[in-house]
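Biologist: Could you take me through a few features of this protein, giving the general idea before the particular case?

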Amino acid sequence: MKNKLKGVAIGAGYFSRFQYEAWTRISEVEITALCNSNMERAKGIMNSFGVKKHYTDYKEMIINEKPDFVDIITPPETHFEMCKFAADNGVHIICQKPLAPTIEESQKIVDYVSSKGVRFVVHENFRFQPWHREIKKIINNDELGDLFNLNFRSRMGDGWGDDAYLARQPYFRDYKKLLIYETGVHFIDTFRYHAGEVKSVYAILKRLNPVIKGEDSGLMILNFNNESTAIWDANRFNENNFKKSRYTFGEYLIDGSKGSLRLYSDGKITIQKLGQKEEEHSYTHNDIGFAGDCCYIFQRDFIDKLISGDTFETSGHDYLKTLKIQEAIYESAQKNVPIHIAPIPT
């Protein structure tokens, strides 16, 4: 490739540093400019990751820079206008999750960018964590046989006390929907990646810390078309006993007709075939960046598919399936009944 792909980014918040750092390791890309209203934050990003230009108006940045793509790393309520402007100017889009405050607005974004013919992907990186990529290979190789149950337990421990979330992501305190909207959606998408499409859901959601507005504890049950079942047992209040609670985000057990797979909090994967002892499965994972370097793995995949023209795994149309399940989870918890998922028309 003679000329690098030109990218620009909007946002300089806590999580954005993982994404800016990952771009520095993708040789086909140059991030030429960023947009952020906070100059101090912008300078920190620019000095750390070699971004040369700063704008306070994203529209001016897109018009002046004429990028191949924009990486939108801002709160969900800003996404529609930003995506619309980028699409109107023929710029391909990576959009941070949550995609939008409601599924209706998420659908509006996907429909609009599709009508303009630009490439669009949601920055959903959990399925790109190296252990989940490896688990998918193991499932595809039929090492577990028919899937029975997928059980993931998460204890993030960042949401207890009067100062919950203030140090890293204070806006979490005001989310009326928190655990599923911000974190559970990752696991919905990852369960879909491993087990396929969901036909019904049931959920129990609670708030443990009274200083926040949304739910911070939940039991989420997904039933799949292939008759497997997934359970996410999670809260952001209690703590993980692993030294880095945000590495794998918990422990995972998958049972199948040929045996079981376990993911441990340190990234170790084991397979226990029926009638045999548990054995460690060798693969590569590195404690770089965020959660096994999943931002880099996602962004590397984005560039590869932008160049090849292949379909993005978390394209807008595909991600709407995950968001529809998210909405059903909240409906189930509110009504205390299972909710069936109607297929999204293609």
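Modeller: We will go through a sheet, the nonpolar cores and a single serine, bearing in mind that this is a predicted model.

Biologist: In what order do the six strands of the open sheet lie, and which pairing do they have?

Modeller: One reads a sheet by going from strand to neighbouring strand, and here the order is β3-β2-β1-β4-β5-β6, with parallel pairing. Because β3 (53–55) and β6 (120–123) stand at the edges with a single partner strand each, one side of each is left without a neighbour in the sheet. Neighbouring strands are turned against each other by 25° on average, with direction ignored.

Biologist: How many bridges join β4 to β5?

Modeller: Four bridges join β4 (residues 69–72) to β5 (residues 92–96), the two strands running parallel, and Asp 71 has Ile 94 in β5 as its bridge partner.

Biologist: Which residues touch the most other members of the largest nonpolar core?

Modeller: In this core of 76 residues they are Phe 69, Phe 191, Leu 222 and Trp 232, while helix α7 (residues 179–195) gives the largest share, seven residues. Leaving aside residues up to four places away in sequence, Leu 222 touches, among others, Ile 188, Phe 191, Val 198 and Ile 329. Apart from this core lies another, of 31 residues, including Ile 72 and Leu 99.

Biologist: Is Ser 260 buried or exposed?

Modeller: Buried means under 20% relative accessible area, so Ser 260, at 15% relative accessibility, counts as buried. Ser 260 belongs to strand β12 (residues 259–263), and a polar contact of 2.6 Å joins its side chain to that of Asp 255.

Technical notes. Residues are numbered from 1 along each chain as its sequence is written. This is a predicted model: local features need pLDDT of at least 70, side-chain atom pairs count only at pLDDT 80 or more; totals for chains, interfaces and linings use all residues. Side-chain values use heavy atoms; hydrogens and water are left out. Two strands pair if DSSP finds at least two bridges between them. Axes are lines fitted to C-alpha atoms, for helices over the stretch in contact, and angles run from 0 to 180 degrees between N-to-C directions. A nonpolar core is a set of buried Ala, Val, Leu, Ile, Met, Phe, Trp, Tyr and Cys residues joined through side-chain atoms within 4.5 Å. Buried means under 20% relative accessible area, exposed over 50%, partly exposed in between (1.4 Å probe, protein chains only). Contact means heavy atoms within 4.5 Å. A polar contact is a pair of N or O atoms within 3.5 Å; within protein, one must be able to donate a hydrogen and the other to accept it, and residues adjacent in sequence count only if both atoms are side-chain atoms.
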